[in-house]
Amino acid sequence: MKALIIDGYVDEPACFGVPPYISPYIRYLAGAMREQGIPAQDIFYSAIDSIRLSPKDHEKIIREADLVVIIAGMTVPGKYLRSTPINLQELHSISRTATGQVVLGGPIRLGFSSEGGKTASSLSGLGNAHCCGADVEAFVYDLLSDRKLADPENIVERFRSVQEIGRWGKKGAFIIRQHPDYPNVMCELETYRGCGRRKHCSFCTEPFYGKPDHRPVDDVILEVQALSEEGAGHFRIGRQPDLLSYQAKDKGGDLPIPDPMTIESLYRGVRSVAPDLQVLHMDNANPATIAAFPDESKKILTTIVKYHTSGDVAAMGMESADPEVIRRNGLKVSPDEMFSAIGLVNEIGAKRGANGMPELLPGLNFVHGLMGETKETFRLNYEFLRKVIDSGLLLRRINIRQVMAFQGTPMFGNDAAVEKHKKEFLRYKEKVRKEIDLPMLRKVVPAGTILRNVLLEVNDGNTTFGRQMGSYPLLIGLPAKLETGHYMDVTVIDHGFRSITAIPYPLDVNNAGLGLLQRLPGVGKVMAAKIFRERPYKDTQELISKTSLNAEILEHVKL
């Protein structure tokens with residue numbers, strides 16, 4: 001039997017799987033298939049971008065597969081540098097092409113989300129495709145029996161257990177070698193999923209996974225070991241709504257009490273089994289947890305900074321600073337609590353780390369179009385951000401989005417504010433970008449900052465875009481057409497609203513183009529032309545003598 005896993009990409013509040021990330025779904029699926037007797041050499045993986053690049057080649061693979069599993073679903077909107085999630089037309093095309101059984105899984109089970117915050121209510125017309133209503137990895141495991149396919153209609157939909165994914169995560173680690181970005185692939189790690197709050201946020205899809213189901217620490221560590229043995233070096237502990245609440249103690253209050261020892265065991269264990277680790281980052285942190293338990297949270301954040309790699313981001317959902325919006329949508333944190341959480345993360349993580357970025361900074365999420373939103377909401381949100389920047393605190397990124405309403409959430413059918421305040425939203429967003437994002441970015445990475453290990457990814461005319469591997473990496477534009485697919489150190493020279501401009505560090509003055517020479521700190525067009533005209537230089541002494549270049553520039557160049 002041959003099985004094909006097609007990665008249509010996923011983006012959820014607590015799970016990311018868009019290149020260079022690979023989601024846990026993919027690895028769990030591959031492990032479930034292996035446990036049911038399909039050899040690793042008969043389990044194939046294709047990203048949807050790869051299928052677009054060579055459709056004819058993949059058409060043959062799709063036709064020959066006895067089982068085609070498509071992982072997809074975007075429950076939060078996103079913009080991606082070089083990847084595009086699978087679309088409805090492609091789902092139909094793959095389903096029609098396949099001659100074997102087709103299974104759809106992932107957050108797509110909640111509805112197919114399209115652009116503009118709309119959600120398709122139906123996935124009809126997909127032929128022999130079965131859309132899983134629960135966990136696709138559990139469904140596929142039950143579908144396979146002695147390397148034979150059962151009738152999908154006879155399979156009872158269910159959620160997988162932590163014991164099962166403990167096995168499948170290790171057995172499925174081999175699949176990362178087939179990722180088009182390998183070995184530069186970021187492995188999203190799960191500690192638990194589901195939300196334990198008594199009242200959930202009105203728009204969130206995480207409660208559809210039920211109550212929190214925490215994985216044993218040893219299982220996560222053994223999965224990292226298996227991935228490391230397959231060549232993985234980039235990890236993000238991202239598949240959970242609040243990392244600080246991993247195996248937290250439920251004492252009957254509104255929030256469980258964080259357990260610093262568990263996080264210490266997790267991070268220390270990951271470091272011990274991944275000797276070639278290059279990136280270890282986190283994702284979600286509940287600011288209400290930090291505000292309610294500052295002592296425990298401080299210990300956890302200190303542990304994270306001790307074992308992680310720099311440039312880390314604790315994404316925190318504020319959603320709104322408007323008390324009425326907070327009340328009506330069951331949001332989790334007040335503006336004062338949010339401010340104290342931002343301060344604590346800055347206290348522990350604002351110092352600059354080895355890769356040039358601060359060790360650990362907060363990232364804020366705002367959601368607009370929620371119930372109770374008025375024009376006053378935009379003013380309150382802006383004033384909160386103004387308070388943060390005026391206080392000297394740092395934010396890595398501010399995510400401002402409009403709500404996506406999914407059936408089964410309180411927001412479904414109540415998102416009229418999205419259209420009602422659309423013009424106000426656009427004006428406010430532009431104001432935040434100009435007056436908050438830009439000056440904040442100048443504080444986070446001042447001009448002259450050296451950023452290490454930037455992966456060059458995309459050429460766009462005479463500009464090359466790259467990012468450091470990590471959680472919410474900063475987009476970096478280099479004003480030259482450079483070879484992609486390799487790492488480079490860069491010097492920051494300018495700032496946009498959400499990205500920066502940089503040049504290679506150190507800059508090879510004997511071979512750099514005139515455009516790059518002109519962007520050297522302290523070098524204008526006249527000096528750059530002189531440097532260019534007098535090349536080559538055998539050493540720095542000759543460079544200075546021929547050009548009268550300021551000696552301070554030497555730290556940014558090489559010969």
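How many bridges join strand β20 to strand β22, and in which direction do the two run? In this predicted model, strand β20 (residues 475-478) and strand β22 (residues 499-504) are joined by 3 bridges and run parallel. That pair is a good place to begin a walk through the structure.

## The barrel around β22

Two residue pairs show how β20 and β22 line up. L475 stands opposite S499 in β22, and I476 has I500 of β22 as its bridge partner. Strand β22 also pairs with strand β21 (residues 487-495), here through 5 bridges and in the antiparallel sense. In this pairing D494 is found opposite T501 of β22. The two strands β21 and β22 make a hairpin, and 3 residues lie between them.

Both pairings belong to a closed barrel of 5 strands, which follows the order β18-β19-β20-β22-β21 and has mixed pairing. On average, neighbouring strands of this sheet are turned by 55° against each other, if direction is ignored.

Just past this region there is a detail of the backbone to look at. The peptide bond from Y505 to P506 is cis, with omega near -15°, and P506 sits in the loop between β22 and β23 (507-508).

## An open sheet and the helix across it

A second sheet is open: its 3 strands come in the order β15-β16-β17, and the pairing is parallel. Strands β15 (312-319) and β17 (397-402) stand at the edges with a single partner strand each, so one side of each has no neighbour in the sheet. From one strand to the next, the twist averages 20°.

Within this sheet, β15 pairs with strand β16 (residues 360-368) in the parallel sense over 7 bridges. One position to look up on screen is E319, which stands opposite F366 in β16. Helix α12 (residues 335-349) lies across β15 and β16, and its direction makes an angle of about 155° with β16.

## Two helices side by side

How are α8 and α10 oriented to each other? Two packed helices are described by the angle between their axes and the distance between the axes. For helix α8 (residues 260-273) and helix α10 (residues 294-307), the angle is about 5° and the axes are 9 Å apart. Angles under 35 degrees count as roughly parallel, and α8 and α10 are therefore roughly parallel to each other.

The contact between them involves several residues from each helix. On the α8 side these are P260, I263, E264, Y267, R268 and R271, which meet E296, K299, I300, T303, I304, K306 and Y307 in α10.

## Helix α18 and its two sides

Helix α18 (residues 540-547) has E542, L543 and T547 as its buried residues. These cover an arc of only 105° around the axis, which puts them on the same side of α18. Q541 and S545, on the other side of α18, are exposed. The cover over the buried residues includes α17 (525-533) and β24 (557-558).

At the start of α18, a side-chain oxygen of D539 comes to within 3.3 Å of the backbone nitrogen of Q541. After the helix comes S548, which has a positive phi and lies in the loop between α18 and β24.

## Residues with positive phi

S548 can be set beside Y9, since neither is a glycine and each has a positive phi. Are these two residues buried or exposed? Y9, placed in strand β1 (residues 3-12), is buried, with a relative accessible area of 1%. S548 counts as exposed, at 58% relative accessibility.

## Cis peptide bonds

The bond before P506 has a companion elsewhere in the chain, and the table lists both.

| Cis peptide bond | Omega | Place of the proline |
|---|---|---|
| Y182 to P183 | near 10° | P183: loop between α6 (162-171) and β12 (186-190) |
| Y505 to P506 | near -15° | P506: loop between β22 and β23 (507-508) |

With P506 the tour returns to β22, the strand that pairs with β20 in parallel and with β21 in antiparallel fashion.

Note on methods. Residues numbered from 1 in each chain as written. Predicted model: local features only at pLDDT ≥ 70, side-chain atom pairs only at ≥ 80, totals over all residues. Heavy atoms only, no water. Buried < 20%, exposed > 50% of the residue type's maximum accessible area, 1.4 Å probe, protein only. Helix = DSSP H or I, 4+ residues; strand = E, 2+ residues; numbered from the N terminus. Arc of directions from axis to C-beta. Contact = heavy atoms within 4.5 Å. Polar contact = N/O pair within 3.5 Å; in protein donor to acceptor, adjacent residues only side chain to side chain. Pairing = 2+ DSSP bridges. Axes fitted to C-alpha atoms, helices over the stretch in contact; angles between N-to-C directions. Parallel < 35°, antiparallel > 145°, perpendicular 65-115°, else oblique.
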